[in-house]
Amino acid sequence: MKRLQTAVGGPAASRRSAIRPFVAMDVLAAANRREATGARVVHMEVGQPSAPTPRAVIEAARDALAAGRFGYTEALGIPALRERVARHYHEAYGVRVDPRRVAITTGSSAAFNLALLAAFDAGDRVLVTAPGYPAYRNILGALDLAPVEVELSASAPVLTPERLREIHAAHDLSGVLIASPANPTGTMLTPTGLAALVAAAEELGIRYISDEIYHRLVYDGVAATAAGMSPHAIVVNSFSKYYCMTGWRIGWMVLPEDLVRPVERIAQNLYICPPDISQQAAIAAFDATEELDAVRDGYAASRALLLRRLPELGFTDLYPVDGAFYVYASLGGLGDDAEVFAARMLAEAGVAATPGIDFDPVAGSGSIRFSFAGSPADMAEAVQRMEAWLK
Ligand SMILES: Cc1ncc(COP(=O)(O)O)c(C=O)c1O
C-alpha cells in the first residue's frame with residue numbers, strides 16, 4: 001500500500017511506527033527538566049533501582065576492562081554466562097535448564113523483539129493485560145502483531161485460565177504474554193495459577209511468554225518459573241531490576257528447543273550480540289545475593305509505608321503488591337484525570353509518578369503508578385510531600 005505524504009512533502013513515517021510513547025519516560029524527562037532548574041524532585045515515575053550495581057559486578061567489569069578485550073560474542077551470548085544462568089534455575093527453582101536453551105539478550109527489551117519475531121507472524125494476536133507493561137502493546141504494534149488486551153481490576157488482578165479460554169474463543173490468539181510479578185501492579189500469579197495458565201495455553205496450542213523480570217523481588221508468596229512447566233513456553237528475564245543493572249542492558253531468555261536457532265538467526269542479524277562487557281560482568285551478579293537482598297529489604301520497608309499511607313491520603317483500589325516495586329491505585333476522590341494530577345503533583349509537590357493511561361489506555365485515566373524503587377528515605381519524603389500538598 002502507498003504511504004501517505006507528510007505535510008513537508010517527503011515520504012511519511014511508517015504506519016507501524018505510530019505507536020504510543022512510553023509515558024513513564026516522558027514523565028522522567030519532565031522531572032529531569034524540573035530538576036535542572038534546581039527544584040527538588042522525588043522520582044517515583046520509573047522502575048529503576050536507585051541502589052548501585054553490586055560491587056562484585058563492578059569488580060568483574062574492572063577486571064574485564066583491565067584485560068581490554070572486547071569483541072563480538074556469539075549471538076546467544078558467552079558460554080560462561082549462559083551456563084551461569086542455567087545453573088541459577090537449578091539453584092533458585094530446582095529446574096534443570098540446558099545452557100543451550102539460554103539466550104543472553106540486550107536487556108529483556110531486546111528479548112521481546114526476538115521472542116515475538118521468532119514465535120509469531122505478522123497479524124497474529126497476542127493477549128496482554130490492561131493495566132500492563134506499555135512496551136508489550138507498543139512492541140507488538142511496531143512488529144505488526146495485534147495486542148488483545150484483557151482488563152484486570154484490583155478485585156480480579158490476574159488472568160485466569162477461564163478468561164484465557166474465553167478470549168481465545170473470541171479472538172483466535174496465537175500467544176499470551178504475562179509478567180508475574182507484574183508492572184504496573186506488582187501482583188503475582190501463584191505457582192498453581194501460573195501452572196494452570198501455562199497448561200491452558202498448551203491445551204489451546206498457543207505460545208506462553210512469561211516475563212519474570214521481577215523475580216527475587218517478592219514480598220508475599222512464591223514466584224514460580226514457567227521454565228520447566230512446558231517445553232513450549234518462553235521465559236524472559238533481566239539483570240535490570242533485582243540485580244540493579246538497568247544501564248548495562250543485559251537480560252536473558254530460556255527458549256524452547258525449536259526456537260533456539262530461529263532466535264539465534266534473528267539475533268545475529270538484528271543485534272549481532274549483547275554488549276560483551278555487560279556479559280562478562282553479569283556472571284558475578286549471581287554472587288551478590290547478600291547485597292541485593294538488603295536492597296530488596298529496603299523496598300519492603302517502602303512498600304509497607306506506601307500500603308499504609310496511600311489509602312490514608314485518599315488513594316483507593318490498590319492492587320495486591322506481592323512483588324516488584326510498584327503500587328497501582330485509583331485516584332478515588334482526589335481527581336479523575338491522572339495526567340493532570342501527575343503533572344500538578346510534579347510541579348507543586350515535587351513528586352513524579354506515572355499516570356495510568358500509560359498502562360491502560362482504556363480504563364487507566366483515573367489511576368496512577370508509584371514506583372518505590374528509590375531509596376527508603378526518598379520514598380518517605382515523597383509521602384510527606386504528598387501529604388502536605390493534598391491537605
Ligand atoms: C515488566 C517489564 N518487562 C520488561 C522491562 C524491560 O526491562 P529491561 O529491558 O531493562 O530488561 C520492564 C522495565 O520496566 C518491565 O517492567
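**Exercise 1. Find which element gives the largest share of the shell around the ligand, then describe that shell.**

Start with the element: helix 4 (residues 107-119) supplies the largest share, 3 residues. Helices here are DSSP runs of H or I with at least four residues, strands are E runs of at least two, and both are numbered from the N terminus. Keep in mind that this is a predicted model: local features need pLDDT of at least 70, side-chain atom pairs count only at pLDDT 80 or more, and totals for chains, interfaces and linings use all residues. Residue numbers run from 1 along each chain as its sequence is written.

Next, the whole shell: 13 residues surround the ligand, and the closest are Gly107, Ser108, Ser109, Ser238 and Ser240. To be near, a residue needs its C-beta atom, placed from the backbone, within 6 Å of the molecule.

Last, the chemistry: 3 nonpolar, 9 polar and 1 charged. Ala, Val, Leu, Ile, Met, Phe, Trp, Tyr, Cys and Pro count as nonpolar, Asp, Glu, Lys and Arg as charged, and the others, Gly among them, as polar.

**Exercise 2. Work out what the buried residues of helix 5 pack against.**

First pick them out: in helix 5 (residues 134-142), Pro134, Tyr136, Arg137 and Leu140 are buried. That label takes 20 or more other C-beta atoms within 10 Å of the residue's own; 12 or fewer means exposed, in between means partly exposed, and C-beta atoms are placed from the backbone.

Now look at the partners: helix 4, strand 3 (125-130), strand 4 (146-151) and strand 5 (175-179). Contact means that the C-beta atoms of two residues, placed from the backbone, lie within 7 Å. Then step just past helix 5, where Asp144 has a positive phi of about 65°.

**Exercise 3. Locate the largest nonpolar core.**

Count it up: the core has 115 residues, and Ala115, Val176, Ile234 and Met253 have the most contacts inside it. Such a core is a set of buried Ala, Val, Leu, Ile, Met, Phe, Trp, Tyr and Cys residues joined through C-beta atoms within 7 Å. Helix 4 gives the most to this core, 8 residues. Domain 1 (15-52 + 290-390) and domain 2 (55-287) both contribute residues, so the core lies between them. Those domain bounds come from an automatic or database assignment.

Zoom in on Ile234: leaving out residues up to four places away in sequence, its contacts are Ala115, Ala119, Arg207, Ile209, Met253, Leu255, Pro256 and Leu259.

**Exercise 4. Describe how domain 1 meets domain 2.**

Begin with the centres, which are 24 Å apart over C-alpha atoms. The contact takes 37 residues from domain 1 and 33 residues from domain 2. On the domain 1 side, helix 10 (289-313) and strand 9 (326-330) each supply at least two residues. Helix 10 has the largest share there, 7 residues. Sort that side by class and you get 21 nonpolar, 6 polar and 10 charged residues.

**Exercise 5. Is Ala338 buried or exposed?**

Find the residue in helix 11 (residues 338-349). Ala338 counts as buried because it has 25 C-beta neighbours inside 10 Å. Beyond four places in sequence, its contacts include Leu331, Pro355, Ile357 and Ile368. From Gly107, Ala338 is 231 residues away in sequence and 30 Å away in space, C-alpha to C-alpha.
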